[in-house]
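Let's take a quick tour of this one, starting with the DNA and then moving on to how the chains meet. Have the structure open as you read.

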There are 2 protein chains.
Amino acid sequence: MNDKNDDLSSAEAEAGLPGDPVLFKVLTEISIISNLADREFERLMPGGLTLAQFGVLNHLLRLGVQQTIGEIASAMQVAQPSMSSTVKKLTEKNYVDLIPDTEDRRVKRVKVTPAGRAARDRAVKAVAPGLAALKDGTPGADWKAMLGELTRLRILIDSVR
Amino acid sequence: MNDKNDDLSSAEAEAGLPGDPVLFKVLTEISIISNLADREFERLMPGGLTLAQFGVLNHLLRLGVQQTIGEIASAMQVAQPSMSSTVKKLTEKNYVDLIPDTEDRRVKRVKVTPAGRAARDRAVKAVAPGLAALKDGTPGADWKAMLGELTRLRILIDSVR
DNA sequence: GCCTATTATATAGATGTCTATATTTATACG
DNA sequence: CGTATAAATATAGACATCTATATAATAGGC
C-alpha cells in the first residue's frame, strides 16, 4: 500500500537533510505535499477527473461564468499552454464546451456542461471526507495563519521571476 | 516577464476561491508554490540541472554515500520509476555512475562523479541568494514552526494512502 | 488601405510524477 | 534441486507543467 516509505524513521522525520536551510526544507515539504495531495485527490476520483481538471470546473462553476483560456490560466496561476491542454482534456470528456466569440474570433470561452457540473459535484463529495480527516488529524494547527504565510511566500516567489 | 498574473488583485490575494475550505486553499497554495519554486530553481541553473536532479546529488553528497535507486526514491519520497528516470538523466550528464553490486546483480549503486559534485556546488551557490532573499522578504515568518506543521500535514496525508 | 504590433490559442518538445507491468536475479520451501 | 515467491530495476503509457514558437485575428499607425 505504501510502497515509498516503509521506513518509519524517515516517514516521521522532516523532509530534506539536517544541514539544509530551514526554508529549503520548507520548500522540500511543500513539493512532497503537492505530489501526495494531487495523487490522493485523483485516487478518490475514479471517474477520471484530475485535480487540474477539477480546478477548472470548480472555478467556473463557483463564479458562475464562462471564461477564456487565458483568463482561467491566470486565475489558476498556470501558463496558458498548460490550460489549453487541460481544457482540451475536459472537452474530450464533454465536461466543457468551447463557445466561440463572434466578435473576436481568436477567443473561445469555456463553458461547463451539465455533465461537467455533475462531475464536479461528485468530486466535492468524494474529497470532503478526506479534508475533514486532515483537519481532525491536526487538532492544534492554525490553517488560517499558515495560509497567510504561504500566500506571502507564494507572492514573494512570484514577484522574483 | 510575468506572463501569468499581471492582475495585481489576484496576485496579491489568497489562492483558490472564497468559498473553498481553508485547508483546500492551503493545498492550492502549496501546489502553486511547488511549481513556482521548481521553475525558479531551474531558471537559476542554466547548466541544465533540474531540482529533482539536484536533490539526488545533494542527498548523496551530504550523506557521503552511494545508494541504490530504491533507497534514493524512498529518501526523496518519490516512486521508484521516477527515480530510475532521474538517475538516467544524471547518468547521461555524467554526474553519476552506476556501480553494479557484485553480490546482488539486481542492484546498481548510484555514485556521484567529480563533475556531479561540481554541478551541485554551483547549484548551491546559485540558489543561496534566492533563499536569502526569501528569508529577508518575510521578516515575521517563523519558518521552523511552519516546517513542523507542514511535516505533520505531509505525514498525515502520507498515512492515508 | 496596408503593413506592423499585439493578443488569443495551439503545437512541439522537455521534465517530473504516477500506476501497472515486464525483466532479471535472489531467496525459500517442499 | 526445482519451482515459486520476493525484490530491484526498467519500460510503457498518462498527466501536468514549463518554455519557445507557430498560427490566426484584431488593432494601430502612417
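A backbone N or O atom of R105(B) sits 3.2 Å from a phosphate oxygen of DNA strand C, which fits the cut-off for a polar contact (a pair of N or O atoms within 3.5 Å; within protein, one must be able to donate a hydrogen and the other to accept it, and residues adjacent in sequence count only if both atoms are side-chain atoms). Keep in mind that this is a predicted model: local features need pLDDT of at least 70, side-chain atom pairs count only at pLDDT 80 or more, and totals for chains, interfaces and linings use all residues. Residues are numbered from 1 along each chain as its sequence is written, and side-chain values use heavy atoms, leaving out hydrogens and water.

**Around DNA strand C**
- Chain A reaches the phosphates too: a backbone N or O atom of G70(A) lies 2.9 Å from a phosphate oxygen, and a side-chain N or O atom of S84(A) is 2.8 Å from one.
- In total, 27 residues surround the strand, each with a heavy atom within 4 Å of it.
- Sugar and phosphate make up 70% of the strand's atoms that come within 4 Å of the protein.

**Where chains A and B meet**
- Here 67 residues of chain A touch 67 of chain B, with contact meaning heavy atoms within 4.5 Å.
- There are 2 salt bridges between the chains (a side-chain nitrogen of Lys or Arg within 4 Å of a carboxyl oxygen of Asp or Glu).
- R154(B) forms a salt bridge with E29(A), their closest N and O atoms being 2.7 Å apart.

Methods: Chains are lettered from A and ligands numbered from 1 in the order in which they are written.
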